[in-house]
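Me: I am new to this structure and would like a close look at one part of it, the nonpolar core and what lies around it. Please take me through it slowly and connect the pieces as you go.

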Amino acid sequence: MHGALRVRCFAPREDELLSQLEWVGVTDVTSRDFLQALLTWYEAVVEQHWEPARLRRAFRLATHVESPELVDALRASGYAFSHAEDRMHREAEGPPSGHGWEGLVLDAWSDVGVPLFFEAYHASFRDRPGFPNWAQARWADAFSGYDSFRPDLSFLVRDGDLPVAFLLAAVDPQCWVVQMGVVPSHRRRGLGATLLEEIRQRASGAGCRDLMLSVNVDNPGARRVYERAGYTRVGRTTVYRKG
Ligand SMILES: CC(C)(COP(=O)(O)OP(=O)(O)OC[C@H]1O[C@@H](n2cnc3c(N)ncnc32)[C@H](O)[C@@H]1OP(=O)(O)O)[C@@H](O)C(=O)NCCC(=O)NCCS
C-alpha cells in the first residue's frame, strides 16, 4: 500500500469531537493486519492529542478505495458504514442546455445574505433521510465558512418573495457544486437542471475548466438530474464511523 494519510479533528457538535482519517493517493488496501494496526494508530494519535478532552469522541474513516480486507478490519475495530458519496464531473465548456429562469428572480449570496438561503436549504432538504436540522449559523458555517467558498458563484432563486431554489459553489481550483436544492412545491419543472446550467455558465465565465459535485448514493433522483446535465461518476468516497 502506498500513499499519504491525513488525520483531521473538528467539533461539529458542542459535545462531540469528530476525527477523520483520510488516505490520499492510495490505490489498494489488502493487508488486514496492517489496516487494523493503522486504525489502532489513528485512534491513539487522536486520544494523545486531545486528552483530556471533555468531548465525546467519534472516529471516521473516509476511503475512496474498497476491499474485503478493509471492510473486515473496520468491522473488527468497531466501525460501521455511515454513508457513501459518488463524485461526479463534467467540463464547464459546452453548448447552452436551453434551460432558462422564466419569470423567476436570481439573487447573489452577497445581496440577500444567509437567512433567505437558509430558508431555501431548509425547505429543500428537510425531507432527505438523516436531515440534521441544524440551526442557521451552523449550516452557514459548514457550507460557506471556508476560503474556497465563492459568494459570486452562489445564488438564490425566488418566485416572487418565496425562495424556491439555491446553489452554493466553491473553487479549489475545480468548481464544486457544494450544495443545491429545489423546494418540493417547485420540483420536476426543470429548476434542478436550470441551476446546473446557471453554474456551468458562471463557472465557465470565471475561468473554471472542470465542474465537480458529490451525490449521496441513497439519492438516485438527484443523480439522474446530474447525469442528464452531463455529469459522469469519477469516484466514490465511503465513510465508516465508530462512536
Ligand atoms: C434533486 C433536486 C435538486 C432536483 O430538482 P428538480 O427541480 O426537481 O429537478 P428537475 O426538474 O430538473 O428534474 C427532476 C425530474 O423532473 C423532470 N422534469 C423536468 N422538467 C419537467 C417538467 N417541466 N415537467 C415534469 N417533469 C419535469 C426531470 O426529467 C426529472 O425527471 P426524473 O425524476 O424522471 O429524472 C430536488 O429534488 C431537491 O432539491 N431534492 C432535495 C435536495 C437534494 O437532494 N439535493 C441534491 C443533493 S446532492
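Reply: What follows begins with the domains, turns to the core, and then moves outward to the ligand, the loops and a helix.

The model is a predicted one, and the domain assignment of the protein chain divides it into domain 1, residues 4-78, and domain 2, residues 90-236. Taken over C-alpha atoms, the centres of domain 1 and domain 2 are separated by 30 Å.

The part you ask about is the largest nonpolar core, which has 38 residues, and those with the most contacts inside it are Ala 120, Ala 165, Phe 166, Leu 167, Ala 169, Val 177 and Ile 199. Two or more residues of this core come from each of the helices and strands α4 (114-125), β6 (155-159), β7 (162-171), β8 (175-182), α6 (191-205), β9 (210-216) and α7 (220-228). Among these elements β7 gives the most to the core, with 7 residues. For a view from a single residue, take Ala 120: leaving aside residues up to four places away in sequence, Ala 120 touches Leu 156, Pro 163, Val 164, Ala 165, Phe 166, Gly 181 and Val 183. There is also a second, separate core of 11 residues, which includes Leu 35, Leu 38, Leu 70 and Leu 74.

Gly 181, one of the residues that Ala 120 touches, leads on to the ligand, since 19 residues surround the ligand and the closest are Gly 181, Arg 187, Gly 190, Gly 192 and Ala 193. The elements that give two or more residues to this shell are α4, β8, α6 and α7, and the largest share, 4 residues, comes from α7.

The loops that join some of these elements also deserve a careful look. Between β7 and β8 lies the loop that holds Pro 173, and the peptide bond leading from Asp 172 to Pro 173 is cis, with omega near 5 degrees. The loop between β8 and α6 contains Arg 188, a residue other than glycine whose phi is nevertheless positive, near 65 degrees. Arg 188 is exposed, with 10 other C-beta atoms within 10 Å. Ser 185 is found in the loop between β8 and α6 as well, and Ser 185 is likewise exposed, with 10 other C-beta atoms within 10 Å. Although Ser 185 and Pro 220 are 35 residues apart along the chain, their C-alpha atoms are separated by 19 Å. A positive phi, near 55 degrees, is also found at Asn 133, again a residue other than glycine, and Asn 133 belongs to the loop between α4 and α5 (136-144). Asn 133 is exposed, with 9 other C-beta atoms within 10 Å.

Returning to the second core, which includes Leu 35 and Leu 38, we can follow these two residues into helix α1, where the buried residues are Leu 35, Leu 38, Leu 39 and Val 46. Seen down the axis of α1, the buried residues fall within an arc of 100 degrees, so they line one face of the helix. The face turned away from that buried side carries the exposed residues Asp 33, Ala 37, Thr 40, Ala 44 and Gln 48. The length of α1 can be checked too: at 1.5 Å a residue, its 19 residues, 32-50, should span 27 Å, and its end C-alpha atoms are 27 Å apart, which agrees.

Notes: Residues are numbered from 1 along each chain as its sequence is written. This is a predicted model: local features need pLDDT of at least 70, side-chain atom pairs count only at pLDDT 80 or more; totals for chains, interfaces and linings use all residues. Domain bounds come from an automatic or database domain assignment. The expected span of a helix is 1.5 Å times one less than its number of residues. A residue is buried if 20 or more other C-beta atoms lie within 10 Å of its own, exposed if 12 or fewer, and partly exposed in between; C-beta atoms are placed from the backbone. The arc is that of the directions from the helix axis to the C-beta atoms. A nonpolar core is a set of buried Ala, Val, Leu, Ile, Met, Phe, Trp, Tyr and Cys residues joined through C-beta atoms within 7 Å. Two residues are in contact if their C-beta atoms, placed from the backbone, lie within 7 Å. A residue is near a molecule or strand if its C-beta atom, placed from the backbone, lies within 6 Å of it.
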